[in-house]
Amino acid sequence: MRASELQVAVREEFGAMGAVLLADLALERLGGRTGTEALRVGVPARDVWAALCESQDVPAARRHGRGLRDPIA
């Protein structure tokens, strides 16, 4: 997942709150960093997406992000 794909997935899954979640929500899976902080220090976008989905209880069926390719198992 590219950073641009992360932005699309976040916007489509969370709407207007997506940007706020990325910027303000401390994600335990990312060592307490926000998604934005994690990206800045080099955490892959797919790991940020997975952490965000986990924290917000996004069903597994939607974790690949709407409009993106289905994950390869």
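Q: In this predicted model, how are α1 and α2 placed relative to each other?

A: The helices α1 and α2 are oblique to each other, because an angle that is neither under 35 degrees, nor over 145, nor from 65 to 115 counts as oblique. In general, two packed helices are described by the angle between their axes and by the distance between those axes. Here α1 and α2 pack at an angle of about 120°, and their axes are 7 Å apart.

Q: Which residues of α1 and α2 meet?

A: On the α1 side the residues are Q7, V10 and F14, and on the α2 side they are M17, G18, A19, L21 and L22. Sorted by class, this contact of α1 with α2 holds six nonpolar residues, two polar ones and no charged ones.

Q: How do the axes of α1 and α4 cross, and within what distance do they come?

A: The axes of α1 and α4 come within 9 Å of each other and cross at roughly 20°. That makes α1 roughly parallel to α4, since angles under 35 degrees are counted in that way. The handedness can be added to this description: the crossing of α1 and α4 is right-handed. From α1, the residues A3, L6, A9, V10, E13 and F14 make the contact, and from α4 they are joined by A45, V48, W49 and L52. By class, the contact of α1 with α4 divides into nine nonpolar residues, one charged residue and no polar residues.

Q: What tends to happen to nonpolar side chains in soluble globular proteins?

A: In such proteins, nonpolar side chains tend to be buried together. In this structure the largest nonpolar core has 17 residues, and those with the most contacts inside it are L6, V10, F14, L30, V48, W49 and L52. The elements that give two or more residues to this core are α1 (3-14), α2 (17-24) and α4 (45-55), and the largest share, six residues, comes from α4. One of the core residues with the most contacts, V10, touches G15, G18, A19, L22, W49 and L52 when residues up to four places away in sequence are not counted.

Q: Which residues of α4 are buried?

A: The buried residues of α4 are A45, V48, W49, A51, L52 and C53, and these pack against α1, α2 and α3 (35-40).

Q: Is E54 then buried, partly exposed or exposed, and what is its relative accessible area?

A: E54, which has its place in helix α4, has a relative accessible area of 41% and is therefore partly exposed, because that class lies between the buried limit of 20% and the exposed limit of 50%. Leaving aside neighbours within four places in sequence, E54 is in contact with R29 and R63. Separation along the chain and separation in space can be read side by side for this residue: E54 and E28 are 26 residues apart in sequence, while their C-alpha atoms are 9.9 Å apart.

Q: Where is T34, outside these helices, placed?

A: T34 has its place in the loop between α2 and α3, and with a relative accessible area of 8% T34 is buried. Apart from its neighbours within four places in sequence, T34 is in contact with L22, A23, D24, L25 and A26.

Q: What is found in the segment after α4, where D57 lies?

A: A backbone angle is a useful place to begin. Phi of D57 is near 55°, a positive value in a residue other than glycine. D57 is exposed, with a relative accessible area of 65%. A60 is also found in the segment after α4, and at 65% relative accessibility A60 counts as exposed. The C-alpha atoms of A60 and A50 are 9.8 Å apart, although 10 residues separate the two in sequence.

Q: How many helices and strands does the chain have?

A: The chain has four helices and zero strands, so that, by the DSSP assignment, its elements run α-α-α-α from the N terminus on. Of the 73 residues in the chain, 32% are buried. Among contacts between residues at least 6 apart in sequence, 48% join residues at least 24 apart.

How values were computed
Residues numbered from 1 in each chain as written. Predicted model: local features only at pLDDT ≥ 70, side-chain atom pairs only at ≥ 80, totals over all residues. Heavy atoms only, no water. Core = buried A, V, L, I, M, F, W, Y, C linked by side-chain atoms within 4.5 Å. Buried < 20%, exposed > 50% of the residue type's maximum accessible area, 1.4 Å probe, protein only. Contact = heavy atoms within 4.5 Å. Axes fitted to C-alpha atoms, helices over the stretch in contact; angles between N-to-C directions. Left-handed = near helix turned anticlockwise from the far one by under 90°. Nonpolar A, V, L, I, M, F, W, Y, C, P; charged D, E, K, R; others polar.
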